[in-house]
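Biologist: Could you take me through this structure one question at a time, and show the reasoning behind each reply?
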Amino acid sequence: MAQVDNSTSRIDDYFDLDSQLSSDEIQVRDAVRKFVDAKVRPLAGQWWQEGVFPTELIPQLAELGVFGPTLPEKYGGAELTPVAYGLMMQELERGDSGLRSFASVQSGLAMYAIYRYGSEAQRLQYLPQMAQGKIIGCFGLTEPDAGSDPGSMRTVATSVPGGVRITGVKRWITNGNLAQIAIVWAKDDQGIIRGYIVPTDAPGFSARHIATKASMRMSVTSELYLDNVFVPQENQLVESKGLGSPLGCLTQARYGIAWGTIGAALDCVNVAASYAQTRIAFGKPIAATQLVQERLVDMLSLTVNMQLKALQLGRLYQSGGLRYPQVSLTKRDNARSALVVARMAREILGGNGISVDYSPIRHLANLETVDTYEGTYEIHTLIVGRDMLGESAF
Amino acid sequence: MKILVMVKQVPDTATRIRVAEGNASIVTDGIKWVINPYDEFAIEEALRIKERLGGEVVVVSAGPQRVEEAIRQTLAMGADRGVHIKTDEALDSHVVAQALAAVARAENFDLILTGKQAVDDDAAQVGPLVAVFLDVPQVTVVLKLEVDAEHQRLVAERELEGSIEVVELPYPAVITAQRGLNEPRYPTLPNIMKAKKKEVRVESLQALGIVPNVKVRTVSLSEPPERPAAKILTGDPVAAAHQLVELLHAEAKVI
Ligand SMILES: Cc1cc2nc3c(=O)[nH]c(=O)nc-3n(C[C@H](O)[C@H](O)[C@H](O)COP(=O)(O)OP(=O)(O)OC[C@H]3O[C@@H](n4cnc5c(N)ncnc54)[C@H](O)[C@@H]3O)c2cc1C
């Protein structure tokens, strides 16, 4: 690393946003960062290449407190502020988007679904154990033929005595093969979308690992098959009704992505900047060339924009004034900006940029997923367009 | 066991230090402040003793407003409460130790732990001075610590050049921690949030009855001379090796 004046902290906080954070928000960020630096970064490239999620980290992540941290204490949470939660996601994704995805799905999707739409008995039964990482959850909304348009899902929950029987296929389900429970969204007898807590060892339930990914390789993604799976009445998420319910969960996860992507971008800017300062070509560091400087400044600028937007989003969340199209705009722009930043970083690293010995190509490949899941760039454009213009163009 | 841990907030060791105008202080702008690493071993040891024997861990630190952050970090690691001796003055080790000793004296602690030195000024004086002011025994640079609560005695191991020394002493006592004493824990997110509710009492030198009669003053600070740029030998390995030997002999004069 080049001896530049405290360059990482300068790049990470170019606009002195630390001065806008509370002491516990900074501590949460630094605690997660320390963990990721020690336990994740050294091996992330290897795990990614091997296509494995480091399950041995699950108890340690639970101990650190990253699962459901915003929830009340009685459900195993720590009552983190939305900004602290965002900073936590940022630091997880600085390690790898797959690590952040794991936490996003566990916290923002599965735990939130139970917290928001479950009964008190369900909350007490599942949430503390999920916070401890003893129960891993996944979230099954997308289907092979219904992604951007989940309302067209085919999975059905047919009433039978004592509960329902669910039949259908879910695809692209993060943590599908690691989970003990799946939050499955299906249409009931009236065609209304409802959520169900399905134990993954229920008869008729199976998960198949999707091993062909060239992105998010450190994250487990699966296809779920539900063949007439019996789900008792007490496993129905009582408060869920209609497409708004899963979308409510997605708003949580999208909020996490708006922050997480900053971590990936910061890692790329830092790696590219220090590489450019030490890589010599034509007798001088490539950082001393105008073209490379322009690129690095563009990367920094995009990253600062991401940070400013996410911080304000967090403050809106905290004050109760958050509207979901604001989350959409931030998810859309931050995922896309991080992708652009990662691509520039990869370029600055030249040949080394295509090796997972350096993080940018890994972030770049991961961010292709981040740009797509939880609502594609286009879908978020349409959400904001509808909000802005009052015309639905879906 | 009622344990007091004395901590200092110092610039992160990865920070590049620059001398401020006036040549008597450093540029603090952009510095990341951390708990002195040796003090982290002291906190961890205190927490482990408390986990074994019960009791209370109190953390004290002297310095400006920013020091509260360091105290909160120790509370997030698990300390029970903090005392912040708030002062903006540039103090010497003597005055700091007087102030810390005053806090220690006000409550009866069984054990006082701190790092063997602070990594910013490397003075290594505060622990020993506090022991003197309190008139209790002290052991410095401790690698292993055992508490015999039944007999109110400590057994401490110290690393010496080429040997390990084991000492035994009664407590109350002051112990200064060496790297290797333990592996400090990470603060967890729930504990960070719980720390917010813990008490940090603010004290002033005046209230503690300390007259900041500073005897050792910093007259000047200067940066070490620039090291000459490294020479990188490239090309044919055999020729480079010959050249390296030649340089080590003629220029570096090490062989
Ligand atoms: C690694 C990974 C993990 C995932 N994890 C989960 C998970 O845990 N749970 C879950 O439920 N899902 C998950 N997903 C699924 C993800 O949310 C969907 O892939 C995403 O919503 C897009 O759906 P689709 O793949 O069916 O694409 P489609 O909906 O078929 O879209 C294809 C393209 O058409 C565009 N498009 C669609 N409609 C319009 C329109 N009206 N106007 C303009 N353009 C349009 C889209 O933007 C996109 O570019 C995951 C996906 C991946 C890749």
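Biologist: Which residues come nearest to the ligand?
Modeller: This is a predicted model, and in it the ligand has 20 residues around it. By class, this shell divides into nine nonpolar, nine polar and two charged residues. Those that come nearest to the ligand are Leu141(A), Thr142(A), Gly147(A), Ser148(A) and Thr376(A).

Biologist: Which element gives the most to the shell around the ligand?
Modeller: Two or more residues each come from strand 1 (137-140), strand 3 (163-174), helix 11 (360-372) and helix 12 (377-389) of chain A. The one that gives the most, with three residues, is strand 3 of chain A.

Biologist: Which helix of chain A gives the most to the side that touches chain B?
Modeller: The contact takes 20 residues from chain A and 16 residues from chain B. On the side of chain A, at least two residues each are supplied by helix 1 (7-12), helix 2 (23-39) and helix 4 (58-64). By class, that side has eight nonpolar, six polar and six charged residues. The most, seven residues, comes from helix 2 of chain A.

Biologist: Are helix 8 and helix 10 of chain A roughly parallel or roughly antiparallel?
Modeller: The axes of helix 8 (residues 244-278) and helix 10 (residues 324-348) of chain A come within 8 Å and cross at roughly 20 degrees. Because angles under 35 degrees count as roughly parallel, helix 8 of chain A is, relative to helix 10 of chain A, roughly parallel.

Biologist: Is the crossing of helix 8 of chain A with helix 10 of chain A left-handed or right-handed?
Modeller: The contact between helix 8 and helix 10 of chain A has 20 nonpolar, six polar and two charged residues. As helix 8 of chain A passes helix 10 of chain A, the crossing is left-handed.

Notes
Residues are numbered from 1 along each chain as its sequence is written. Chains are lettered from A and ligands numbered from 1 in the order in which they are written. This is a predicted model: local features need pLDDT of at least 70, side-chain atom pairs count only at pLDDT 80 or more; totals for chains, interfaces and linings use all residues. Axes are lines fitted to C-alpha atoms, for helices over the stretch in contact, and angles run from 0 to 180 degrees between N-to-C directions. Helices (H or I, at least four residues) and strands (E, at least two) are DSSP runs, numbered from the N terminus. Angles under 35 degrees count as roughly parallel, over 145 as roughly antiparallel, 65 to 115 as roughly perpendicular and the rest as oblique. A crossing is left-handed if the near helix is turned anticlockwise from the far one by less than a right angle, and right-handed if clockwise. Ala, Val, Leu, Ile, Met, Phe, Trp, Tyr, Cys and Pro count as nonpolar, Asp, Glu, Lys and Arg as charged, and the others, Gly among them, as polar. Two residues are in contact if their C-beta atoms, placed from the backbone, lie within 7 Å. A residue is near a molecule or strand if its C-beta atom, placed from the backbone, lies within 6 Å of it.
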